[in-house]
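Okay everyone, thanks for coming. I'll put the sequence and the structure up, and then we'll walk through a few spots together.

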Amino acid sequence: MATFQIRGGKKLHGSITPQGAKNEALQILCAVLLTDEEITISNIPDIRDVNKLIDILEDLGVKIRKKGPGEYTFQSDDINIDYLFSKEFKERGGALRGSIMIVGPLLARFGKGYIPKPGGDKIGRRRLDTHFIGFQKLGAKFVYEEESEFYGVEAPEGLKGEYMLLDEASVTGTANIVMAAVLAEGVTTIYNAACEPYLQQLCKMLVRMGAQIEGIGSNLLKITGVEKLGGCDHRCLPDMIEVGSWIGLAAMTKSELTIKNVEYDELGVIPEVFKKLGIQLERRGEDIFIPSQDIYAIDTFIDGSILTISDAPWPGFTPDLLSIILVVATQAKGSVLVHQKMFESRLFFVDKLIDMGAQIILCDPHRATVIGLERKYSLRATTMTSPDIRAGISLLIAALSAEGTSTIHNIEQIDRGYERIDERLRNIGAEIVRLD
């Protein structure tokens, strides 16, 4: 288990460029299974979760060639479906939640797809019902091996388009169903579809491959099935969770930072939510400039009541940034209620921030009230363990702002979502060392 050692309390300075979007890459990579033609994808982040999925694709028989940093070609013209029943796949697929999205493409193209019970972050229940109910609506039969917790769907006669109203606007569920529907016979209508930029990117890529999809960017998608898809080129968006992370880092460390090439128009409400915490940020073309700020004051509602920041399906505020909001609020002037609606265990890292001197009341598994310290006291350096990707980066930001030397164990969780993070932070002046 690797460890970060961080000497905090330093102002950082310079520019940092966000990696390619992790959540988009996981969807896009699964889509290469829909065609036997070559697909080129660029701006793929070099992180653990993405690399695990690339390994699974290669084991399935996808021909993969690395053209340069973050750029690969994929050709799925000799897929070995029997690999899905191997012990190796059950171990590898079970360790990566994103592997669930290979099921839709395999079902559409080969009439069957299987997946072991996926792992991923321990942030509460993350059910798979939406995926499999959608496949069943398209005519697939659900199969489940209880003893080995092995899920599957089979449609030897092919899939047929159908109207469906999703019970939740699941991003991965919508992506999986869309990838199954593009090769189904007839028209599929998906209402209450997720419409995150990642899902929009997937749909735009599928259209370039020859799919017929209407309503991209809305929660109502109409997909007219086609017989065959072809190859294309695709570039992943910058990771908006990284953009938010660097905004929070700049505020906490009183640093002047420029975040480069953020694709600002794809960030939705993210900049405005950070502005509600009093953080100054300026759009400069496709860059964001954050000046050094000694004090930032949290807004209130119009009637003077305490501000609430909560997550919601797109175009609402992404749940992946609530942990960043929470840690940044610890040094703000004022108070805020953070309401994590979608995952019931994601706030359980706040005890580590309390140990560092933060004033936080954990109301229940979904809500925490933060009383900002207004820089009157610095957070204390401490030793902690990263429980998941987003809590891990929040603890890292807290450590970079704290006086003294902090230690963070289990940084493999951070590596799952952030590319060469220690190296990139050192480039802007952070004192951070990786210990194996």
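So, a starter for you: does Ser394 count as buried or exposed? Ser394 counts as buried, because its relative accessibility is 0%, and the cut-off for buried is under 20%. Keep in mind that this is a predicted model.

Where does that serine sit? Ser394 is in helix α12, which covers residues 389–401. Skipping neighbours within four places in sequence, Ser394 is in contact with Ser323, Ile324, Val327 and Phe349.

Now stay with α12 and look at what it lies across: β1, β21, β22 and β23. The helix runs at about 35 degrees to β1.

Those strands make up an open sheet of four, ordered β21-β22-β1-β23, and the pairing is mixed. At the edges you've got β21, residues 383–385, and β23, residues 431–435, each pairing on one side only. On average, neighbouring strands here are turned by 20 degrees against each other, ignoring direction.

Let's zoom in on one pair. β1, residues 3–8, and β23 go together in the antiparallel sense, over five bridges. If you want one to click on, Ile6 has Ile432 in β23 as its bridge partner.

Ile432 turns up again in the packing: Leu425 touches it, along with Trp246, Leu249, Leus 396 and 400, and Ala430, leaving out residues up to four places away in sequence. Leu425 is also among the residues with the most contacts inside the largest nonpolar core, together with Ile288, Leu326 and Leu353. That core has 78 residues. There's a second, separate core of 74 residues, including Ile41, Val62, Ile115 and Phe150.

Okay, over to you.

Technical notes: Residues numbered from 1 in each chain as written. Predicted model: local features only at pLDDT ≥ 70, side-chain atom pairs only at ≥ 80, totals over all residues. Heavy atoms only, no water. Core = buried A, V, L, I, M, F, W, Y, C linked by side-chain atoms within 4.5 Å. Buried < 20%, exposed > 50% of the residue type's maximum accessible area, 1.4 Å probe, protein only. Contact = heavy atoms within 4.5 Å. Helix = DSSP H or I, 4+ residues; strand = E, 2+ residues; numbered from the N terminus. Pairing = 2+ DSSP bridges. Axes fitted to C-alpha atoms, helices over the stretch in contact; angles between N-to-C directions.
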